[in-house]
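Q: Could you take me through one helix of this model in detail, from its ends to the neighbours it packs against?

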Amino acid sequence: MSTNWYNRSAWNDEAHLDFYKNYKLAPKEEQEKALIIQARLLSENKDATVLKAAESLLLLWIANHFDRKKAKDVYQLTIKVCKRMGDIDRANQFETYLKSLKHR
């Protein structure tokens, strides 16, 4: 399995299907890495649909792969994506989560 399945700068239905097909087959460690890498690449896009895909990948990481040591970076990336989409309330929500990490 090549790493190309989670190194896409463009996102469409085909890329979406391919990503999740490979994600399901990948070992847990690679799944976790793939979600973050792919979301980071998509976060540079200006298209709202692509940014929403990046957010979905990050939320999947939070739901299935949460690791306190990596959460700071994932929350910061989620904040960036939300701000790029213009969803300031959601960005503020993740700012709160980020602050709560520091106080534990």
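A: At the N-terminal end of helix H4, Asp67 acts as a cap, since one of its side-chain oxygens lies 2.9 Å from the backbone nitrogen of Lys69. This is a predicted model, and in it H4 covers residues 68-85. At 1.5 Å a residue, its 18 residues should span 26 Å, and because the end C-alpha atoms are 26 Å apart, the expected span and the model agree. After H4 comes Gly86, which has a positive phi, near 85°.

Along H4, the buried residues are Ala71, Val74, Tyr75, Leu77, Thr78, Ile79, Val81 and Cys82. An α-helix has 3.6 residues a turn, so residues three or four places apart point the same way. What covers the buried residues of H4 includes helix H2 (28-42), helix H3 (48-65) and helix H5 (88-102).

Of these neighbours, H3 can be followed further: the axes of H3 and H4 come within 10 Å and cross at roughly 155°, and because angles over 145 degrees count as roughly antiparallel, H3 is roughly antiparallel to H4. H3 passes H4 in a left-handed crossing, and the residues making this contact include Leu51, Leu58 and Trp61 of H3 together with Ala71, Val74, Tyr75 and Cys82 of H4.

H3 also packs against H2, at an angle of about 155° and with the axes 8 Å apart, and these two helices are therefore roughly antiparallel to each other. Here too the crossing, of H2 past H3, is left-handed, and among the residues in contact are Leu35, Ile36 and Ala39 of H2 and Leu51, Leu58 and Trp61 of H3.

Notes:
Residues numbered from 1 in each chain as written. Predicted model: local features only at pLDDT ≥ 70, side-chain atom pairs only at ≥ 80, totals over all residues. Heavy atoms only, no water. Helix = DSSP H or I, 4+ residues; strand = E, 2+ residues; numbered from the N terminus. Expected span 1.5 Å × (residues − 1). Buried < 20%, exposed > 50% of the residue type's maximum accessible area, 1.4 Å probe, protein only. Contact = heavy atoms within 4.5 Å. Polar contact = N/O pair within 3.5 Å; in protein donor to acceptor, adjacent residues only side chain to side chain. Axes fitted to C-alpha atoms, helices over the stretch in contact; angles between N-to-C directions. Parallel < 35°, antiparallel > 145°, perpendicular 65-115°, else oblique. Left-handed = near helix turned anticlockwise from the far one by under 90°.
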